[in-house]
Amino acid sequence: MNKLPISRNEGLIFDIQTIKNLRLLGIVGYLSGTLPLSTQQNNFLGVPLRLLFEELLYVVVHHSEYYIVPDDVMFQGLYASLTNNDLQQIQFQAKMSQLRTNGKKIPDSAMIYNTEKEPVFHEIKNTSSHLPNVNTWNDHFNQPEVQTKLLFQLLQSRPNLSHSLADYLIFSHLRKNGYFITAGLRFGGKFVAYPGDPLRYHSHLIVKPVYNGEKIELKKLVNGGRLATAVKKVYVIAGLTNKIDVDGVEPQLELDPKEFITSLEASPVKTFSFEWAGFG
Amino acid sequence: MSKKQSKQYDRPLPINIINLPVVTHNPISWIWCLGSYVKQWFQLKQSVVDIQYCDGIFKVSGSHYMNEVWNSGFIGKGILSRSEPTWLHRTRRRLGLDPLFDESGRLLLTNEETVQIRREERKKFKLKREELEAQENYFKTTGDMTSLQKVTKLKRILIEDNKQLQRKPLRELIMENYSVAGDKKEQTRADSALFIDETHIKDLEYLQLMPVEALFLSFCFGSKVNDFDLFQLFQLCMNRSLEVDNSFILLYMVYHHYKSHGWCVKSGTKFGSDFLLYRRGPPFQHAEFAVLVQPDYKPSDSPSNEWIDISAISRVVGGVNKTLLLTYVTQPTKDAFQQALTMFSESPTPHSLRNLLELYHIDEFIYRRWLPSRNRA
Amino acid sequence: MSLLDVVQTNLEHFHFWTHVNILDDFVIQGYPKESLTKNTAQDTLEFVYPAHISQNLSLSDIEGIFNRIDRLLGVRPKRIVIGVVTDDGSVVYYFAHEGLIKPSKV
């Protein structure tokens, strides 16, 4: 299992092995740490690796061996959202898997938490600030139920969820077509896509999302095409064929964000590539 | 730039002036001066050209009038040329109706023809380079090192030669490789409807003016546009929406601002901006600045530029060695605007338009991409 | 002059295209002087959709151009050319491909 630590709603990875593993999945991120002795240099950046929101979401949705570890702020949000029943269930799961790892033979059927039965372990929700915290909960975060809640919390932290989901679906469309993706602001796009690892290839696409069937100014399209051609790339506009009604989907997102996002990925992403026609 | 061209473009605005010789204490010079004044006064041409408006386009037709407008401040654009209206000359030479060199053997090449020849040369070079690169790859896979070295050497020579070629004067290039002139074959390709008779063709070109240019000529130099008065023309340019933040008036303010500071102002759409500023004009040098007009707050009829778009524009502009200017137009209050507008509609004179425009203010900023590692000097 | 006329004139008399004509009052077809596709000597029919720089287009607007050519001719072109008329009357041309493509070697 690989941990994806969250800091201020952003994936921030310090573990070299995890960074290597992510790279193998086609998740590049960007190194953002500088050297303690020369803090102004920015040519040789190191850990932590920052993940784009889309990268974080992609890994969590598609690779179950990765799980989110919240920071204090996020943990407080999580803890506040839990009911007593949730807490009992989480405690139960943690104890049972601990017993299993200690060599006890426990049948799968006994692992399922039954609300009808008298609970085996009790933890009463405690509001005092110094009791439960990220460290005492460290063993609980990889539970699927906890992950579901954390993921939903992360989605809710987005300033514009509808745009974020559209960005994510475009990202995922590109990734599934074999592209490696990085942020594209310096080329006037949301993403820049490479045909393989950015260390080996030059990028091919500058990608600009179009949201909710909106129209794009031709002026911007021409400008994007011009810029892309000048740097030997293609300017791509991408958008969803089906509109996502964010308010309508929130209950489904809360119930099972992974499942719901996977189902969204089935609906097609429309793309058009622009480049200078070589005359005029 | 030849002396002849310098003389051709000696007026930055459509204003004719009388050049007087130096006056000394010698009375003969006074007479000389007076004579020169009278002579030039009689020769002084009427240089105000009228503009036609139809189907949403401001036009000037007829080569005499087109040149008059173009030569006095590079206003307008030939619709079948890159900027200066030279389509008729080019087409006549292409069809072999006119020679390529003048009597003194000087090459008569327009901007478009130069670009075409350079592009063709570049295309030829790229084809050859691709061929050699394919061979290189082949020898790399077969491991034939001696052949690979040979091909790599050939490629190096080709690239060197190409550098030489780029420095070569066009005249020599044409003498060696081209028959741009006198190609009778082109005549058969061309549309027969183009010909009036065997030696004359129709002039399909007109000079198109941007709305800001049409208003500028009409407002400052009295050009007539159809039979509109100044207010009607203003209304037309504003697309009948007479609001204080109409995007046309913001564009016009900026156009007029730079024009009155002596810059040659052309459309900047090519580089994603609103205007380009030339120190003198397109025949003399490249534009130095690209201008992006910014309202001081978001106008009702146009979406504002997001960071990502400004970043894209700045990359395009930076890529062609120009500086991006963000020019902010501060608008008056709606009441002040309405009041001046009513006065203008009641008396559609340049004076009342001036009173209206004086309510706006301009501020400009340079926008430049900044990289911490490269800007630490 | 309509946008169609402006772009048609530009193609014929500035870029020397041949057999230029307007298809179903929305798109121009014709043959460029030299093939626009790299490394092909063969003449290929191109479709040019005229537009004005001040226009806005949605993804479905662009898809609609492909659909309409498809319906008219029974062939869906891989790419079309968009001829954009700018504010000073010049026309710039851009390829619009359906889907993702590799940048052509410049």
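Me: What makes the five strands of chain A an open sheet with edges, and what is their order?

Reply: Happy to start there. In this predicted model, the order is β3-β4-β2-β1-β5 in chain A, with mixed pairing. β3 (30-33) and β5 (66-69) of chain A each have a single partner strand, so one side of each is left without a neighbour in the sheet, and they stand at the edges. From one strand to the next, the twist averages 40 degrees.

Me: How do you know that β1 and β2 of chain A pair, and in which sense do they run?

Reply: Two strands count as paired when DSSP finds at least two bridges between them. Strand β1 (residues 2-7) and strand β2 (residues 10-13) of chain A are joined by 2 bridges, and they run antiparallel. One bridge sets A:Ser7 against A:Glu10 in β2(A).

Me: Which helix packs on this sheet, and which strands does that helix touch?

Reply: That is helix α1 (residues 16-24) of chain A, touching β1, β2 and β4 (46-50) of chain A. The direction of α1(A) makes about 100 degrees with that of β1(A).

Me: How many residues of chain C are in contact with chain A, and what makes a pair count as a contact?

Reply: The test is that C-beta atoms, placed from the backbone, lie within 7 Å. With it, 29 residues of chain C are in contact with 30 residues of chain A. On the chain C side, the elements giving two or more residues are β4 (56-58), α2 (59-73), β5 (79-85) and β6 (91-98). The largest share, 8 residues, comes from β6(C).

Me: How do the residues on that side of chain C divide into nonpolar, polar and charged?

Reply: There are 18 nonpolar, 8 polar and 3 charged residues on the side of chain C that touches chain A.

Me: What makes β9 of chain A and β4(C) a strand pair?

Reply: The threshold is again at least two bridges. Strand β9 (residues 215-217) of chain A and β4(C) have 3 bridges, in the antiparallel sense, so by that threshold they pair. Within β4(C), C:Ser58 stands opposite A:Lys215.

Me: Why is part of chain B called a "coiled-coil region", and how much of that part is helix?

Reply: The name comes from UniProt, where an unreviewed entry lists residues 115-168 of chain B. In the model, that stretch is 94% helix and 0% strand, with its end C-alpha atoms 14 Å apart.

Me: Which domains does chain B have, and what separates their centres?

Reply: Chain B is divided into domain 1 (114-177) and domain 2 (241-367). Taken over C-alpha atoms, 45 Å separate the centres of domain 1 and domain 2 of chain B.

Key. Residues numbered from 1 in each chain as written. Chains lettered and ligands numbered in written order. Predicted model: local features only at pLDDT ≥ 70, side-chain atom pairs only at ≥ 80, totals over all residues. Contact = placed C-beta atoms within 7 Å. Helix = DSSP H or I, 4+ residues; strand = E, 2+ residues; numbered from the N terminus. Nonpolar A, V, L, I, M, F, W, Y, C, P; charged D, E, K, R; others polar. Domains from an automatic or database assignment. UniProt positions renumbered as here; feature names shortened; annotations may be inferred. Axes fitted to C-alpha atoms, helices over the stretch in contact; angles between N-to-C directions.
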